[in-house]
There are 2 protein chains.
Amino acid sequence: MSTDPRPRDLVSGDVAPAAAGRRGASLEARLLGRLLSSLGDPPIEFLLGWTGERVAPRAVRPVSQVRILDRKVLFAMLRDPQVHFGDAYSAGQVQIDGDLVEFMHIVYRALARSNPDRSLTHRLARALRRPRRNTLAGSRDNIHRHYDLGNDFYAAWLGETMAYTCAYYPSAAATLEQAQTAKMDHVCRKLRIGAADSVVEAGCGWGSLALHIAGRYGARVRAFNISAEQIEFARQRARALGLQDRVEFVADDYRNISGGYDVFVSVGMLEHVGRENYPQLGRVARRSLSATGRGLVHSIGRNQPAPLHPWIERRIFPGAYAPSLGEMMQIFEPSDLSVLDVENIRLHYALTLRHWLERYEGAIERVRAMFDETFVRMWRMYLAGSIAAFETGTLQLFQVLFTTRENNAIPLTREFMYPSPPASPGA
Amino acid sequence: MSTDPRPRDLVSGDVAPAAAGRRGASLEARLLGRLLSSLGDPPIEFLLGWTGERVAPRAVRPVSQVRILDRKVLFAMLRDPQVHFGDAYSAGQVQIDGDLVEFMHIVYRALARSNPDRSLTHRLARALRRPRRNTLAGSRDNIHRHYDLGNDFYAAWLGETMAYTCAYYPSAAATLEQAQTAKMDHVCRKLRIGAADSVVEAGCGWGSLALHIAGRYGARVRAFNISAEQIEFARQRARALGLQDRVEFVADDYRNISGGYDVFVSVGMLEHVGRENYPQLGRVARRSLSATGRGLVHSIGRNQPAPLHPWIERRIFPGAYAPSLGEMMQIFEPSDLSVLDVENIRLHYALTLRHWLERYEGAIERVRAMFDETFVRMWRMYLAGSIAAFETGTLQLFQVLFTTRENNAIPLTREFMYPSPPASPGA
């Protein structure tokens, strides 16, 4: 191991296989050089803390600098970069100089070009890291691990609505609160919810949509969630708003939904359902809906079937999965439900996440006091990486509107989805 | 075989298995009674021409009467009703008293309830009737058989636009011509076509959309079609409109599309592509599109994968298939294309077909002079049955808008799809 304190400049071409014997370059510098080459020389340079070496791409000026403080960390990252990079960043063993979102953009673009998912070792590694199963008990544990981090933590950066799903920006200048409210109205308009309707919600978070439907549209709502902390919070909000007679928050699994409704809605739950349960979700929706019933499923998705990023699945969202649109059809097709409308609003999730990250950084001292520095950095990486994932098209966001096969009470055009929002009577 | 001239009234309950030994009922009457029972007693009665018997459902007043003139025809229909019913109707061996569309409605609703597709014999029959393959030569033959029936024939009932695909009705009161023009504008707005764009069209029919894009939006268009008669007709129209410099009609298969374009559009061709070729269609779209390119595929579809009605596939559309939305995703997913928007406009196809059927009946003497009575009845059954298929949700109509994964030049909302239509500068 070199102990030369002066940085020695290496470019990836210099340490690529053909020049692997170059005098003075350490093994680890040569491996990083090879990695940069294999990724098409993205504008990233590495600084190795223990040798002082600098590894940069050949033809392009770096915009991000990655400091790796420890040799062992580097080798762990080279073995399984998808999991260990995030862990090393969280632990502070890897530092990024420059904008973190921009860095993650570069990484996602490079990965999309090189498509490492196709290599055999990656497919093997992927098979060994299957998402945790979403049985009734498994779901409860998976959901507890993410959503029961503390309502105070989420309140610090989600904003007033406490909506932890993609917002809808009528214009890019909308505030987070405006965009979350616009999302709820967009969903309600698609579903044509009126005061006479009964609505069932599968996966209601902290209750913002259920309360909005009851408060602004006057419908009756039964809202299901298996996160105990969220349900308790939602019930308090219902009482504070005087909506407890119109909204029932049920601490139970969506699979136990019973009864008949005019509307079935699920915003941001599908990611936790598990592909093997999609047909069952469809059967629950089908049996819940009247002959003229409407349903909507809102979920993170992808262009092609692929597992969630393994670091996200392991550290942030245990058991989660972002389906392709084709995979989502396994909800609707076995139950003979008719898909009326699909809208992909992925760029709205990038905007939402930018607002969350900004508020998160603004609340960073409170977060640090609740958890520790590793958590602070982990959550920052998750938010920044998610922005890049939506902006590079690695992730999509689908809203799927559906109805029963026999329902002909369907407006001819979708113009009804785009009126001026109803005047607010409260909420 | 009975020769009793007086109709003997039988209800399906009387001839169901439990009462199969009923004195006086012929074998064929008992079989028809059983068929009615198995379909849940739809409001249809049968009149058997050679026995004078009448077979009616037990509990419901019939609204349609089916006269079967010949015993052999009845047994052929009982063996393979899906193919032989249409053939017998075309040949005049079966006659329907009452509204044909209403009768087809009853049939589709009964079939949806009883789901005969699940029985083993039906699955076997289905396997033996696989659609004709769409190789390059096979497609040419399949398309020739349907679209080269003569431009005069289609002109008799398609209306001025000669658009032979689902129209778009801004209101149910729109005329066929208004709705076909509105469909073209709806497609062009979704694709945000401007005068600077180059457009490639896969499967252009008689050229109406290509000419509309060039004439009203000023874009350059290359339009592909393997129907010789259609291409010749389209070229004449282009010259008559003075658009021959902006629209090139290419007598070739979509698989041979080359070059780069801003827009890829295909309206009503996918039904003839064949599922096995969906990924190839996606590759053609992908390689045709610039980084900010947009594409749209418009196709008949279904809620669930199922073969096209075998009579339609055999007599009307050789090689055709109506995919589920999940199956359609095999166009986009392998090529990493992003689906931006899906709209299901099945009720618009029912309206379109009602207009076509009305005009067809108005032109019936011209059609009879071109073909014969069997053709006249066959085409009537096809149009009436299609209305019922779209109105009962047996068939759907999907417009799928897509773009490249890396394209972030996407409007935040879909309101741009719903402006007032551009002022007409001709066309």
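How many bridges join β11(A) to strand β11 of chain B, and in which sense do the two run? Three bridges join them, and the strands, residues 337–344 in chain B, run antiparallel. Helices and strands here are DSSP runs (H or I of at least four residues for a helix, E of at least two for a strand), numbered from the N terminus, and two strands pair if DSSP finds at least two bridges between them. One of the partnerships is that of A:Glu343 with B:Asp341 in β11(B).

A word on conventions before going on. This is a predicted model, in which local features need pLDDT of at least 70 and side-chain atom pairs count only at pLDDT 80 or more, while totals for chains, interfaces and linings use all residues. Residues are numbered from 1 along each chain as its sequence is written, and chains are lettered from A and ligands numbered from 1 in the order in which they are written.

**The two chains together**

Where chains A and B meet, 34 residues of chain A are in contact with 34 residues of chain B; a contact means that the C-beta atoms, placed from the backbone, lie within 7 Å. On the chain A side, α14 (325–332), β11 (337–344) and α15 (346–362) each supply at least two residues. The largest share, eight residues, comes from β11(A). By class, this side of chain A has 13 nonpolar, 12 polar and nine charged residues. Nonpolar covers Ala, Val, Leu, Ile, Met, Phe, Trp, Tyr, Cys and Pro, charged covers Asp, Glu, Lys and Arg, and the others, Gly among them, are polar.

A turn of 180° and a shift of 0.0 Å along the axis lay chain A on chain B with an RMSD of 0.0 Å. That is the relation of a two-fold axis. The same surface serves both copies, as 100% of the contact residues of chain A recur in chain B. The superposition is by least squares on the C-alpha atoms of residues with pLDDT of at least 70 in both copies.

**Inside chain A**

Chain A holds 17 helices and 12 strands. Of its 427 residues, 50% count as buried, that is, with 20 or more other C-beta atoms, placed from the backbone, within 10 Å of their own.

A good place to look is helix α10 (residues 208–217), where 10 of 10 residues are buried. Among them are A:Leu209, A:His212 and A:Arg216. The cover over these buried residues includes α9 (176–190), β6 (198–202), β7 (220–224) and α11 (228–240). Just after α10(A), A:Gly218 takes a positive phi of about 75°.

β6(A) is mostly covered too, with four of its five residues buried. Together, β6(A), α10(A) and β7(A) make a right-handed β-α-β unit: with the strands pointing away from the viewer, the path from the first strand over the helix to the second runs clockwise. The parallel pairings of β6(A) are set out below.

| Strand pair | Bridges | Facing residues |
|---|---|---|
| β6(A) and β7(A) | five bridges | A:Ala202 and A:Phe224 |
| β6(A) and β9(A) | three bridges | A:Glu201 and A:Val265 |

**Confidence**

The model scores ipTM 0.90 and pTM 0.90. Chain A averages a pLDDT (the predictor's confidence in each residue, from 0 to 100) of 89, and 86% of the residues score at least 70. pLDDT stays under 50 over residues 1–7 of chain A, and also over residues 13–21. Where pLDDT is low, the predicted coordinates should not be read in detail.

Methods: Two residues are in contact if their C-beta atoms, placed from the backbone, lie within 7 Å. A residue is buried if 20 or more other C-beta atoms lie within 10 Å of its own, exposed if 12 or fewer, and partly exposed in between; C-beta atoms are placed from the backbone.
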